[in-house]
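Q: Could you take a close look at one part of this model with me? I would like to follow the charged side chains and see how they pair up.

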Amino acid sequence: MHLRATKKYNGDVSISDSIGCDREGNSITLEDKLADDSEDLPNIVDLKIQVKFLYDRLRDSLNEREREIVEMRYGLKNGKEVTQREIGEMLNISRSYVSRIEKKALEKLYGEFKKSEDAVKCPQYC
């Protein structure tokens with residue numbers, strides 16, 4: 001009984017201890033929270049890594065105009081996708097020229113992703 005009474009004083013924490021209450025007033029434990037998020041966690045982490053890699057490649061492998069067009073076209077800056085015609089009007093160039101720049105930029109990005117994929121397969125040689 002003494003050990004149970006002094007449990008809170010020795011700093012031991014269990015994942016089944018209450019960490020708060022939900023909106024209905026039910027007790028929430030760390031175990032409950034981990035169980036809810038654990039299935040999605042690997043996917044979330046993988047997606048964040050891929051997004052960071054994409055933005056790094058945009059910055060490192062594309063010139064300013066290519067990066068600007070890809071960011072506008074796919075809504076990478078503000079979440080709003082813009083058509084090639086609209087981009088052409090904004091940059092005062094033709095829609096077909098926007099299309100060529102976009103295609104060239106996407107080919108560069110594809111090459112970067114392909115290189116990284118090959119490096120993962122054979123890290124001792126790459």
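Which residue forms a salt bridge with R59, and how far apart are the closest N and O atoms?

A: Happy to walk through it with you, keeping in mind that this is a predicted model. The partner of R59 is D56, and the closest N and O atoms of this salt bridge are 3.2 Å apart. Both residues sit in helix α3, which spans residues 41-61; because they are 3 residues apart there, about one helical turn separates them.

The two ends of this pair have unlike surroundings. R59 has a relative accessibility of 51%, so it counts as exposed, given that the cut-off for this class is over 50%. D56 has 16% and therefore counts as buried, since that class takes values under 20%.

The R59 and D56 pair also belongs to a wider arrangement. A network of salt bridges links K52, D56, R57, R59, D60, E112 and K115. For the structure as a whole, the number of salt bridges is 10.

Two further salt bridges are good to set beside the one you asked about. In one of them, E66 pairs with K104, with 4.0 Å between the closest N and O atoms. This pair connects distant parts of the chain: E66 lies in helix α4 (residues 64-74) and K104 in helix α6 (residues 95-121), with their positions 38 residues apart in numbering. That distance of 4.0 Å deserves your attention if you apply a cut-off of your own, because a salt bridge is counted here when the nitrogen is within 4 Å of the carboxyl oxygen. As for cover, E66 is buried at 3% relative accessibility, while K104, at 47%, is classed as partly exposed.

The other salt bridge joins the side chains of K77 and E71, at 3.6 Å from N to O. Here K77 is exposed, with a relative accessibility of 66%, and E71 is buried, with a relative accessible area of 13%.

Put next to each other, the pairs read like this: in R59 and D56, the Arg is exposed and the Asp is buried. In K77 and E71, the Lys is exposed and the Glu is buried. In E66 and K104, the Glu is buried and the Lys is partly exposed.

Technical notes. Residues are numbered from 1 along each chain as its sequence is written. This is a predicted model: local features need pLDDT of at least 70, side-chain atom pairs count only at pLDDT 80 or more; totals for chains, interfaces and linings use all residues. Side-chain values use heavy atoms; hydrogens and water are left out. Helices (H or I, at least four residues) and strands (E, at least two) are DSSP runs, numbered from the N terminus. Buried means under 20% relative accessible area, exposed over 50%, partly exposed in between (1.4 Å probe, protein chains only).
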